[in-house]
Amino acid sequence: MSASLEPGIEKLMIKRILLGLFIYVAAISSKAEDGSRLWLRYDTVNTVPQIECGFDSPVVRVAAGELSSFWKGGKVSLQLMADSKHYSLGNDGYTITTHNGVICLGSLSEKGLLYAAYHLLRLQECGIDCSRLDISEKPVYDIRILNHWDNPDGTIERGYAGRSLWKWDELPSVISPRYVSYARANASIGINGTVLNNVNASPEVLSTDNLEKVKALADIFRPYGIRVYLSVNFASPIKLGGLPTADPLDENVASWWRNKVREVYSLIPDFGGFLVKANSEGQPGPCDYGRTHAEGANMLASALKPYGGIVMWRAFVYSPTDDDRAKQAYLEFKPLDGKFLDNVIVQVKNGPIDFQPREPYSPLFGAMPHTQLMVEFQVTQEYLGHSNHLAYLAPMWKEFYSYFSPSCLRAAAGVANIGDDTNWCGHDFAQSNWYAFGRLAWNPELSSEDIAREWLAQTFTTDEKFVSPMEDVMIKSREAVVDYMMPLGLHHIFAWGHHYGPEPWCEIPGARPDWLPAYYHQADRTGLGFDRTETGSNAVSQYPDSLAAVFGSLESCPEEFLLWFHHVPWKYEMKSGRTLWDELCFRYQRGLDSVRGFRSVWEDMSPYVDAERHAAVSHRMDIQVSDAIWWKDACLEYFRTFSRMKYPKGIDKPVHSLKELKKVRLPIDNYTCPAADMLPGGVK
Ligand code: GCU
């Protein structure tokens, strides 16, 4: 299938893009520091730099346009190079070299040149000497993709930065300038795919009217190297097509999908493919007809195959096939290893439960050697304080990669934290997670520190007096969240529904046990934690033997996973010499002290940050401190009813009583989650 467009349409599209870019450039010169410029705060240059490019195309025009507008150095030459070196770097790879004072960007493809242009600008913005460059880059994954959980009505599932960026009511005739800004931001960090809609997908997403809207977005994103994908509802043939079944082995069903796919590609020739959540949390799927996940995925994959499309089939399933939810995805998917077609990628969340502040990696990774797997990270902070808490997630994602080589995987997906808020992500520092996801999807070997530094330098200032202390805050921030929310391997003790605050006592009559905190923490008079060893659910056995032995023994289990794998007596002696109870108290206190420390570092940063963003971050940090107190008091006061032990020295007296805390109610899934306002005596 040819990806080329008719010349007339192409010209129109290019005009639209150039106009968009021009409006954007003009607009950013006059914008206040409201966070809307993300890390792309380049100043427009006054002199016209010499950008040399012997050919023309929409993608290369964006690359040359960015350099012409923002590159402050000397001559830059963009060259397509088909030598063996550039072949080895693949389509998205590139080189940046200096010859006789000219910077040469070389790549096999135009997309590579686009990434090279953004790389060069990044170096400039980070204050790096560009006089002698010898850079070769090749991404580890060729699919680096954001998953938007956006609904057709403009809401976002687990979104904390306003409403959806996609204005479905206005599309395709009204094109928001933010679509170009979005594409540009993604391209600048190497993201090359976007799933536009929620995994809990409405069948309507595939209606012809909607596909026209999707096409408008795809046309805007294309020159930025971004392909569009859609989440689809497995029952679409019934709900949209009027068929009596969605059985993947029914020929009418397969033919319905083939026709739909043909329609999609007639509008969007470079459409990426489908993301599917099937037989999970009430979503329809092949198991409804006694078929396997592989049979369902393969039917869709066959329809997409002639066009080069793929299926990303999610392994986030937990129908009660076993008494331990942490084991269920493995139990359901491992037997299907080797049964998926070659354009199916099974998309697995990083941990076995659900994006907790800390989880061990999902044992499915490494257990399906004959299946292409990709990792799904959650960029949006569903379980890490929404957009109120500063939690830089690169260290968490690096921790996942520390267990095996990233190159075993085929791709990386990130559940986006982007909405229509002026600053895109709610918290100015949440932008760093979007940034870090893209950078790590390109190269998982990059260090969290380097990514933090380059993000800080571009987003705020290169001044070391700012970058160094704030790098430190960012690096420590995720561990602080773990400490004040769920230390030592505790997990899923969140409040019902919104997953923002603590509710370890939560009981909902009739609810699935594995949706309730007591199922996970298992607190009783003897101790705390979920026994996943041989004497318990034996989830450890799903890990390779060497690791199972480490996790399975109380002595060798890393303390950060202790209560994930073991039910531990309250008086058990920890490595620090403290009892489990004292250590728990110490960790909650340490988390609270850390965020108090972050707050005071940020206070000192005011000379280096514009007043607007300084005040916005300060406000959210106040909420974070207040929430850390809430978490500490709620969890310790509640667990104390089981341990019946005293607080050790050095632990702040609880501010809130358990009785008061049990009364706290938040509006479920409220976007702003004004937790502080609702706490008894909470800090605003
Ligand atoms: C979590 C989240 C849901 C989401 C689901 C998924 O359970 O709370 O909102 O739909 O993950 O990943 O499918």
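**Entry 1: the barrel.** I looked up the sheet in this predicted model and found a closed barrel of eight strands with parallel pairing, in the order 6-7-8-9-10-11-12-13. I then looked up the angle between neighbouring strands of this sheet, which averages 25° with direction ignored.

**Entry 2: a helix on the sheet.** I noted that helix 11, residues 394–401, packs on the sheet. Helix 11 touches strand 12 (373–378) and strand 13 (411–415). Its direction makes about 155° with that of strand 12.

**Entry 3: one pair of strands.** I turned to strand 10 (residues 310–314) and strand 11 (residues 344–349), which run parallel and are joined by four bridges. Which residue of strand 11 is the bridge partner of Trp-313? I recorded Val-346.

**Entry 4: confidence.** I looked up the pLDDT and found a mean of 93 for the protein, with 93% of its residues at 70 or more. Over residues 1–30 the pLDDT is below 50, and I noted 35 contacts in the model for this stretch beyond near neighbours in sequence. Residues 669–684 also have a pLDDT below 50. For that stretch I noted 37 contacts beyond near neighbours in sequence.

**Entry 5: a pocket.** I looked up the second largest pocket, which holds about 430 Å³ of space. Its lining is made up of 25 residues. I listed those nearest its centre as Arg-158, Glu-281, Tyr-318, Tyr-383 and His-499. How many residues of the lining are nonpolar, polar and charged? I recorded eleven nonpolar, five polar and nine charged residues.

Notes. Residues are numbered from 1 along each chain as its sequence is written. This is a predicted model: local features need pLDDT of at least 70, side-chain atom pairs count only at pLDDT 80 or more; totals for chains, interfaces and linings use all residues. Side-chain values use heavy atoms; hydrogens and water are left out. Two strands pair if DSSP finds at least two bridges between them. Helices (H or I, at least four residues) and strands (E, at least two) are DSSP runs, numbered from the N terminus. Axes are lines fitted to C-alpha atoms, for helices over the stretch in contact, and angles run from 0 to 180 degrees between N-to-C directions. Contact means heavy atoms within 4.5 Å. pLDDT is the predictor's confidence in each residue, from 0 to 100. On a 1 Å grid over the protein atoms alone, a cavity is a set of points where a 1.4 Å probe fits but cannot get out, and a pocket is an open set with protein on both sides within 12 Å along at least five of seven lines; lining residues have an atom within 4 Å of a point. Grid points are joined across faces, edges and corners, and a volume is the space filled by probe spheres set on the points. Ala, Val, Leu, Ile, Met, Phe, Trp, Tyr, Cys and Pro count as nonpolar, Asp, Glu, Lys and Arg as charged, and the others, Gly among them, as polar.
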